[in-house]
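User: Could you take a close look at a single part of this model and explain the terms as you go? I am a first-year student, so please go slowly.

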Amino acid sequence: MKTNPTSLGPKADKETVRRHNLSLVLRAVRDEGEATRAGVAARVGLTRAAVSSLVEQLLDSGFLSESGKTFSGQAGRPGTVLKVTRSGPAGIGVEINIDYVSVCVVDLSGTDRVRLTEHLDNRGAAPDEVLARGARIAARTLASAAEQDLSPVGVQLALPGLVSGGTVRQAPNLGWNRVPAEELFARALAGAQPAVPPLPVHSENEANLAALAELWFGGLGGIRSFLYLSGEIGVGGALVLDGELLRGANGFAGEIGHVVVDADGPLCRCGSRGCLEQYAGQSALLRGAGLDENAGVPGVAELEALARGGDPRAIAAIGEAGRMLGRVLSGAVNLFDPDAVVLGGIYRSLMPWLSPPADGELTGRVVSGLWPHDSGRLRASSSAGDAARGAAALVVRAVLADPVAYADRASA
């Protein structure tokens with residue numbers, strides 16, 4: 001019986017190949033920071049003539065700029081220096097967390113150009129009200145971006161919960177269930193700036209986006225596989241394998257904060273008992289140190305100050321959180337075998353007291369024996385690795401992947 005071969009899709013036509021090569025050249029210039037046509041040709045494997053044609057189109061469309069002359073020391077004319085433009089298409093990331101909203105705009109080079117952060121207690125507020133708050137802050141950020149001749153082409157929301165298909169399926173610490181976040185935010189943003197064409201809105205889990213920011217902008221060097229933990233009021237997680245997010249079958253991978261430490265432990269907002277979040281989340285840390293568990297950022301700063309001053313209760317609270325983190329992390333390390341574990345959010349500033357007990361648990365429990373004491377594989381996140389920046393950069397990467405689709409905004 002004759003069977004039909006698996007379809008491989010249509011053959012790439014000339015336009016498709018050219019769009020791909022435009023992306024290739026633009027990304028090469030972005031990665032180098034500064035480049036010549038000859039340098040780009042050598043990097044991407046195209047002829048100089050082909051690269052020159054592609055560069056001219058990118059210059060005309062407003063994605064690249066050129067200036068000066070550079071001498072390579074080789075025969076031939078000096079080349080002009082190419083850079084990605086500092087104006088035109090950009091990305092905007094909006095992190096809506098439990099006790100703050102942070103918005104940033106990132107240009108094509110990945111530079112954080114505008115940022116606004118407001119500390120707001122979003123617990124107990126209706127979802128549409130919280131998203132409207134975020135939209136108002138985003139509208140002010142967009143106005144600041146316009147003053148720098150930046151034109152964000154899309155919005156990426158970073159949300160603390162299970163996010164799929166534009167909907168927050170569950171965000172226990174916000175009390176959200178089946179909230180159409182993209183739709184509500186887009187409507188609120190359009191209302192906040194009625195004279196501006198509406199922007200497409202997408203959404204993703206905040207820990208996933210913070211992990212991507214760490215991958216793209218952090219100090220990981222050659223590390224491409226790591227587990228990222230975001231410590232806030234909740235505890236979020238993300239796993240990056242070979243430079244790609246592990247999303248799971250439904251996009252919900254990484255919810256390490258709801259791994260059960262003790263089945264008879266305290267009730268968690270997710271409905272289970274004894275989740276890691278109840279031992280290593282912000283509220284648990286502050287409560288353990290005798291501080292107001294609803295104090296938010298000021299409370300964490302006070303906790304850090306007490307620990308630096310040698311306060312035994314503060315040090316004990318952080319140490320217990322570290323032990324619980326290490327216990328859960330050791331299971332994840334045994335399961336996925338990452339090169340490193342990166343702790344972000346509030347954990348970053350608490351690392352001097354959090355890391356030793358967590359590292360001790362990892363050393364004792366990781367079965368491969370590849371986690372010796374003080375191995376450096378447990379590390380603090382970079383200051384550049386936050387969810388709002390990762391969200392904005394995700395929009396930018398879409399532009400870099402297909403500049404033709406955004407050419408109108410670039411040349412406007």
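Analyst: Leaving aside its neighbours within four places in sequence, Asp359 is in contact (heavy atoms within 4.5 Å) with Trp371, His373, Asp374, Ser375 and Leu378. This is a predicted model, in which local features need pLDDT of at least 70 and side-chain atom pairs count only at pLDDT 80 or more, while totals for chains, interfaces and linings use all residues. Residues are numbered from 1 along each chain as its sequence is written, and side-chain values use heavy atoms, with hydrogens and water left out.

Asp359 is found in helix H11, which covers residues 347-365; helices here are DSSP runs (H or I) of at least four residues and strands (E) of at least two, numbered from the N terminus. Asp359 is buried, a word that stands for under 20% relative accessible area, with exposed for over 50% and partly exposed in between, using a 1.4 Å probe and protein chains only. Asp359 nevertheless has no salt bridge, that is, no side-chain nitrogen of Lys or Arg within 4 Å of a carboxyl oxygen of Asp or Glu. The nearest side chain of opposite charge belongs to Arg377, 8.4 Å away, where Lys and Arg count as positive and Asp and Glu as negative, while His and the chain ends are not counted.

For another aspartate, Asp149, the setting is the loop between helix H4 (127-147) and strand E6 (150-159). Asp149 counts as exposed because its relative accessibility is 55%. Asp149 also has a positive phi of about 60°, although it is not a glycine; most residues other than glycine have a negative phi.
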